[in-house]
Amino acid sequence: MNKTIRRASVFALLLVFALLVRATWVQFYEGQALADDKDNRRNAIETYSAPLGNIIVGGRSVTGSAPTTTGDLKYKRTYRDGELYAAVTGYASQAYAPTQLEGIYTDLLNGTDSRLKSVMDTVTNQRADPGNVVTTIDPDVQKAAFDALGDKKGGAVAIDPKTGKILAVVSSPSYDPSSLTDANTGGTAWKKLTADPEKPLVNRALRQPLPPGSTFKLVVAAAALEDGLYASVDDPTDSPDPYTLPGTTRELTNENPNAPCTNATIRTALEYSCNNVFAKMAVQLGQDKVKSMAEKFGFNDDKLDVPVRAYTSVYPSGMYPSQTALTGIGQFDVTATPLQMAMVSAAIANGGKLVSPHMVAQITNSGGDVLQDYDDEAGSKEIVSSSTAEQLQSAMQTVVDQGTGTNAQVPGATVGGKTGTAQHGENNSQVPYAWFTSYGKSDSSGKEVAVAVVVEQSNAARSEVSGNGLAAPVAKAMMEAALKE
C-alpha cells in the first residue's frame, strides 16, 4: 500500500470514528434534551395519542378526552363545567404549556410518571395507563362561591381548618379551558383571553395579591395579644382618635366618625374597624414583631405550594414609623391573596394551629391505587396560643353578630369574621377593594370552614363598596354550602 492510499484510509477511519462518537453523544447525552425540546412535535403526538387521566372533584371527573377529526393528534382535552373549575384545573392544550393542576401533574395525567409503570412497561418502555388527580374541592362550596361572585371581579377560597383541605378556589371572571385545548382553534381564543383587560387567565384566588385592608387587623391583634401588649381583647388600648401618624401632621381617621374608637378595646376596634387603634398598635409593637406574626401566618413565603404555587403575600421591611402605622390597617405595601387571608381565619378557628392548605387529596393510578396521599402528609404548626385564638374567635363573632360583618350571619352556625375595604390607586382614586375573611362552625354537626373573599370591582357605586356589602354575602354563601348537613 502506497503512502497516499494509507493516509486516505487512516483519514477515512478517523471520520467514521468521529461519526460514531457523535452518534453516541447524541444518543446517550443529548437524547433526553432533544426529546424534551418544546419544539419536538413528537412529544405532542405522543401525549395526545391516547386519552389523558382525569382531575376528580367530588367523586366525578371534571376533565375528559375526545377524539379529534383532523391532524396528527388523536385526542384533545375536554372540560365539564370548565369556567367553574378553571382556577383549579387550569388547562392542558395541544398548543400551549399546561397550567394549574394540569401542569403540575402532566406526567401523571399523560402516563409518563415512573410510578405508573409496571414491570412490563419498564421492560418494553411503553407508556403506562395514565393516573388521576383527586382534589379536595367540594363542588357545592365551589359553585356557591362562583354563583355568589357572579359578574363581580374577584377571588374566593374556602379551607377546612381541621384538615387543611381547600374546599373552593374561585376566580372571576373565569374562562372555559376547552377553548384552548385544540391546536387549530385555540389560537383565536388565546389572543382574545390574553388581550382581555379583565385578565380572566389570572387566578385571583391564589395569584393576585392585593392590599388586604382591615382584614389584616386580625394579624396585628394576634401580635399584640401574643406579645403581651394587651392581655385581653377586652382591655382598653391607648388609642387617641384621630391618630396622628408618627413624624407627620397627617391624622388617621375612621370610616365611621361616631364609632367609639378612642382607647377602644380590641373587641370594639374589630367590631367598628377602628383604624386609629391598629395603626397605633402596629407602631407600639414595631414592624419586626408585626412582620414576625405575619410570617407565621404565611406572609413572605415564596414557596407556598397547594400544590399550585401561590403568589407571595407580603409584609414589608425597612419602614418609617408612619408607614408601619399604615401596615397596621393593611395598607402601605402590605399585600395578600384570598388564600392567605383564609389561612389567617383557618388558624384562628383551629385553636391557633394552621394545617397545611392543600387542594389535592390523592393521586392514583388508572386502577385507583393510591400513589401518594396528601391528606396524610398535611402537617400543622402553632401560629398563636389557644387562648389567643379563643379571644380572637370571640372578637370576630362580635363583628358578625353586631358589628361591620352582619351580612355573613349563617343560621345554625357560629360565625366570626372581619371586613376590609382597601384603598386602590393613588390617593384612593380608584374603586376600593372589598374584603371579608371569616370562619363558620355548625352548631349541630361540628363542621368548620374558613373563607376569604375579595371583590376587586363590581357594578356597585363607590359609596356602596364595603366588605360587608360586597364580600360578606359571598362568604356567607360559601359557609352555608360547607356547613350544610
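Reader: Before we start on this predicted model, what do the angles between helices run between?

Author: Axes here are lines fitted to C-alpha atoms, for helices over the stretch in contact. Angles are taken between N-to-C directions, and they run from 0 to 180 degrees.

Reader: Okay, so at what angle do α7 and α17 cross?

Author: Take α7 as residues 139-149 and α17 as residues 467-483. Their axes come within 8 Å of each other, and they cross at roughly 160°.

Reader: Are those two helices roughly parallel or roughly antiparallel?

Author: The cut-off to keep in mind is that angles over 145 degrees count as roughly antiparallel. The α7/α17 crossing is roughly 160°. The two helices are therefore roughly antiparallel.

Reader: What classes of residue make up that contact?

Author: The crossing of α7 and α17 is right-handed. On the α7 side the contact uses Asp140, Val141, Ala144, Ala145, Ala148 and Leu149, while α17 brings Val474, Ala477, Met478, Ala481 and Ala482. Sorted by class, that gives one charged residue, no polar ones and 10 nonpolar.

Reader: Moving to the sheet with β6 and β7 in it, which strands stand at the edges?

Author: This one is an open sheet of five strands, ordered β7-β6-β16-β15-β14 with antiparallel pairing. Two of the strands have a single partner each, so one side of each is left without a neighbour in the sheet. Those edge strands are β7 (166-172) and β14 (413-422).

Reader: How much does that sheet twist from one strand to the next?

Author: Think of stepping through the order β7-β6-β16-β15-β14. From one strand to the next, the twist averages 10°.

Reader: Which residue in β7 stands opposite Ala158?

Author: β6 covers residues 153-159, and six bridges join it to β7, with the two strands running antiparallel. Opposite Ala158, in β7, stands Ala168.

Reader: Which helix packs on this sheet and touches β6, β7, β15 and β16?

Author: Don't mix it up with α16 (residues 386-402), which lies across β14 and β15 at about 75° to β14. The helix you want has a direction making about 150° with that of β16, and it spans residues 338-349. That's α14.

Reader: And in the sheet with mixed pairing, which residue of β11 is the bridge partner of Val134?

Author: That open sheet has five strands in the order β2-β1-β5-β11-β12, with β2 (60-61) and β12 (370-373) at the edges. Four bridges join β5 (residues 132-135) to β11 (residues 360-364), and this pair runs antiparallel. Val134's bridge partner in β11 is Gln362.

Methods: Residues numbered from 1 in each chain as written. Predicted model: local features only at pLDDT ≥ 70, side-chain atom pairs only at ≥ 80, totals over all residues. Heavy atoms only, no water. Parallel < 35°, antiparallel > 145°, perpendicular 65-115°, else oblique. Left-handed = near helix turned anticlockwise from the far one by under 90°. Contact = heavy atoms within 4.5 Å. Nonpolar A, V, L, I, M, F, W, Y, C, P; charged D, E, K, R; others polar. Pairing = 2+ DSSP bridges.
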